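Thanks for sharing this one. Here are some notes to read with the structure open beside you.

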Amino acid sequence: MNVWNFKGERNIEKKFIDYHMMSINEPEFTNTQVYAHRPRELQENGHYPVIDLDYTIDDNNIFEKTLGTRYSAREPFKTNVKVDKKVMAQFTQLAMIGGEKENRTYPSGGAQYYVNIYFLFNEQLVDVDLIEQGNIMLLNSDTQKLLVKQYVPWDAISKAFIQKYLANTTQFAVALSCDMSGISGKYTDISYKLVQQEAGHIGQNIQLVANYLGLESVPLGGFYDIELSKLLSDNQTSLYAFLIG
């Protein structure tokens, strides 16, 4: 029997949630989720004919330099650039909104844009004017606004992230999520796959734009899914998270 057969299901959203919940992090199991370091084996060419792709990245070209120097932070964040309203406007426009054009700066299956983008700010490190009404916000790309949802102290928010040395020094987190009950309107059985792909597209933009703006970033699998989803509320299921410092 194929447990995860999504074809022809009437209550397909429940199956999506069940499937998703099979791979979440939970605090009570974190200490047992110890993954031994495993160096990557370099891929060999085998016996195939090859085409040489040698190329030197042009550091004088800002686009090439941004791509070539992208990396994920491994040490506590240095806070080289303080996050304020101006930084967030530039960050969201480049990584997500895309100005006045109809489509955004990342692709989405059928242009449905089911993935929601939440920002959770560390009130101890960002500019105070940014979080005077609250520090958990939802991006509305259609109106080009951040919707202030609520205030939760960063000390409480940070408990949703496993890597404490990063969570304690980050300026803000980005949480990508969706309402699983509302993603299957167009593509039904493949909609779960599409939201994961969309989250990946957004994530790449997040890291590249952060690098361009002089910010450090790290993509996380190490977060507690249920705890983060509760912080977002709105019936959200967390898909992916980033810390930016």
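**Notes on the pocket, helix 3 and two buried residues**

1. A good place to begin is the largest pocket, which has a volume of about 260 Å³. Its lining is made up of 17 residues, and those nearest the centre are Lys-85, Leu-130, Met-137, Lys-145 and Leu-146. Please keep in mind throughout that this is a predicted model.

2. Which elements give two or more residues to that lining? They are helix 3, strand 2 and strand 3 (145-150). Helix 3 gives the most, with 6 residues, and that makes a closer look at this helix a natural next step.

3. Helix 3 covers residues 85-97, and its end C-alpha atoms are only 15 Å apart. A straight helix of 13 residues would span 18 Å at 1.5 Å a residue, so you may like to look along the axis of helix 3 for yourself, with its buried residues lying on one side within an arc of only 170°.

4. Who sits on that side? The buried residues of helix 3 are Val-87, Met-88, Phe-91, Thr-92, Ala-95, Met-96 and Ile-97. Residues three or four places apart in an α-helix point the same way, because there are 3.6 residues a turn. The partners that the buried residues of helix 3 pack against are strand 1 (116-121), strand 2 (136-140), strand 4 (172-178) and helix 6 (191-212).

5. Both ends of helix 3 deserve a glance. At the N-terminal end, Asp-84 acts as a cap, with a side-chain oxygen 3.2 Å from the backbone nitrogen of Lys-86. After the helix comes Gly-98, which has a positive phi near 85°.

6. Helix 6 also holds Glu-198. Is this residue buried or exposed? Glu-198 counts as buried because its relative accessibility is 3%, and the cut-off is under 20%. Beyond its neighbours within four places in sequence, Glu-198 is in contact with Tyr-106, Pro-107, Ser-108, Tyr-113, Tyr-114 and Val-115. Tyr-106 is 92 residues away from Glu-198 in sequence, yet their C-alpha atoms are 7.7 Å apart.

7. Lastly, Ala-241 in strand 6 (residues 237-244) is buried, with a relative accessible area of 0%. Leaving aside neighbours within four places in sequence, the contacts of Ala-241 include Phe-161, Val-174, Ala-175, Val-218 and Phe-223. Ala-241 and Leu-176 are 6.1 Å apart, C-alpha to C-alpha, although 65 residues separate them in sequence.

Methods
Residues are numbered from 1 along each chain as its sequence is written. This is a predicted model: local features need pLDDT of at least 70, side-chain atom pairs count only at pLDDT 80 or more; totals for chains, interfaces and linings use all residues. Side-chain values use heavy atoms; hydrogens and water are left out. Helices (H or I, at least four residues) and strands (E, at least two) are DSSP runs, numbered from the N terminus. The expected span of a helix is 1.5 Å times one less than its number of residues. Buried means under 20% relative accessible area, exposed over 50%, partly exposed in between (1.4 Å probe, protein chains only). The arc is that of the directions from the helix axis to the C-beta atoms. Contact means heavy atoms within 4.5 Å. A polar contact is a pair of N or O atoms within 3.5 Å; within protein, one must be able to donate a hydrogen and the other to accept it, and residues adjacent in sequence count only if both atoms are side-chain atoms. On a 1 Å grid over the protein atoms alone, a cavity is a set of points where a 1.4 Å probe fits but cannot get out, and a pocket is an open set with protein on both sides within 12 Å along at least five of seven lines; lining residues have an atom within 4 Å of a point. Grid points are joined across faces, edges and corners, and a volume is the space filled by probe spheres set on the points.
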